[in-house]
Amino acid sequence: MSAEDLEKFETEQELALYREYRDVVGLFSHVVETERRFYLCNDVDLQVRGEGAGVYFDVRMNDAWVWDVYRTARFVKNVRVITFKDVNVEELPPREIELPE
């Protein structure tokens, strides 16, 4: 496999991931961004642990979707992330169009 073939494959994978994100984003209420990953989820609990210089973040999410091109299963029932780095949590605006049941 040439470098050009590998680059083309990676580009196609990233485009497929973006399309999947676009299709599922309306199913979730929150976006959580850590240093290593980007998540969509419906339930998030962020706890600050430790004191002084030993502060870290304990993030728990339920019903999540993980932005990771290398994962075969991006839907995850429960996720726990422990990190010393910044964590960004945003609530997504409600959908303007309700899907029929």
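Trainee: At what relative accessibility does F9 count as partly exposed?

Mentor: This is a predicted model in which local features need pLDDT of at least 70 and side-chain atom pairs count only at pLDDT 80 or more, while totals for chains, interfaces and linings use all residues. Residues are numbered from 1 along each chain as its sequence is written, and side-chain values use heavy atoms, leaving out hydrogens and water. F9 has its place in helix 1 (helices, H or I of at least four residues, and strands, E of at least two, are DSSP runs numbered from the N terminus). With buried meaning under 20% relative accessible area, exposed over 50% and partly exposed in between (1.4 Å probe, protein chains only), F9 counts as partly exposed at 43%.

Trainee: Which residues form a nonpolar patch on the surface?

Mentor: A patch takes residues with over 30% relative accessible area and no salt bridge, joining nonpolar side chains (Val, Leu, Ile, Met, Phe, Trp, Tyr) within 5 Å and like charges within 9 Å. Together the members have about 360 Å² of accessible area (Shrake-Rupley method, 1.4 Å probe, with only the protein chains shown as cover for residues), and they are M1, L6 and F9.

Trainee: Which strand gives the largest share of the largest nonpolar core?

Mentor: Such a core is a set of buried Ala, Val, Leu, Ile, Met, Phe, Trp, Tyr and Cys residues joined through side-chain atoms within 4.5 Å. The largest has 12 residues in all, among them V32, Y39, F57, V66 and V87, and the elements giving two or more residues to this core are strand 2, strand 3 and strand 4. The largest share, five residues, comes from strand 3.

Trainee: How many aromatic pairs are there, and what is the angle between the planes of Y21 and F38?

Mentor: Rings of Phe, Tyr and Trp (its six-membered ring) pair if their centres lie within 6.5 Å, with planes under 30 degrees apart called stacked, over 60 edge-to-face and the rest tilted; by this rule the count is eight. Y21 and F38 form an edge-to-face pair, 6.0 Å centre to centre, with 65° between the planes. Because Y21 lies in helix 1 (residues 3-24) and F38 in strand 2 (residues 38-49), the pair ties together parts that are 17 residues apart in sequence. In short, there are eight pairs, and the angle for Y21 and F38 is 65°.

Trainee: With which residue does R74 form a salt bridge?

Mentor: A salt bridge needs a side-chain nitrogen of Lys or Arg within 4 Å of a carboxyl oxygen of Asp or Glu, and for R74 the closest N and O atoms are 2.7 Å apart, with E20 as the other residue. The pair links distant parts of the chain, 54 residues apart, with R74 in the loop between strand 3 and strand 4 and E20 in helix 1. R74 is buried, at a relative accessible area of 15%, whereas E20 counts as partly exposed at 21%. The residue that forms the salt bridge with R74 is therefore, by the cut-off given, E20.

Trainee: Which residues does D68 touch, not counting residues up to four places away in sequence?

Mentor: D68 counts as buried at 11% relative accessibility, and its side chain meets that of R37 in a salt bridge of 3.2 Å, N to O. This pair links distant parts of the chain, 31 residues apart, with R37 in the loop between strand 1 (30-33) and strand 2. With contact meaning heavy atoms within 4.5 Å, D68 touches L17, R37 and R74.
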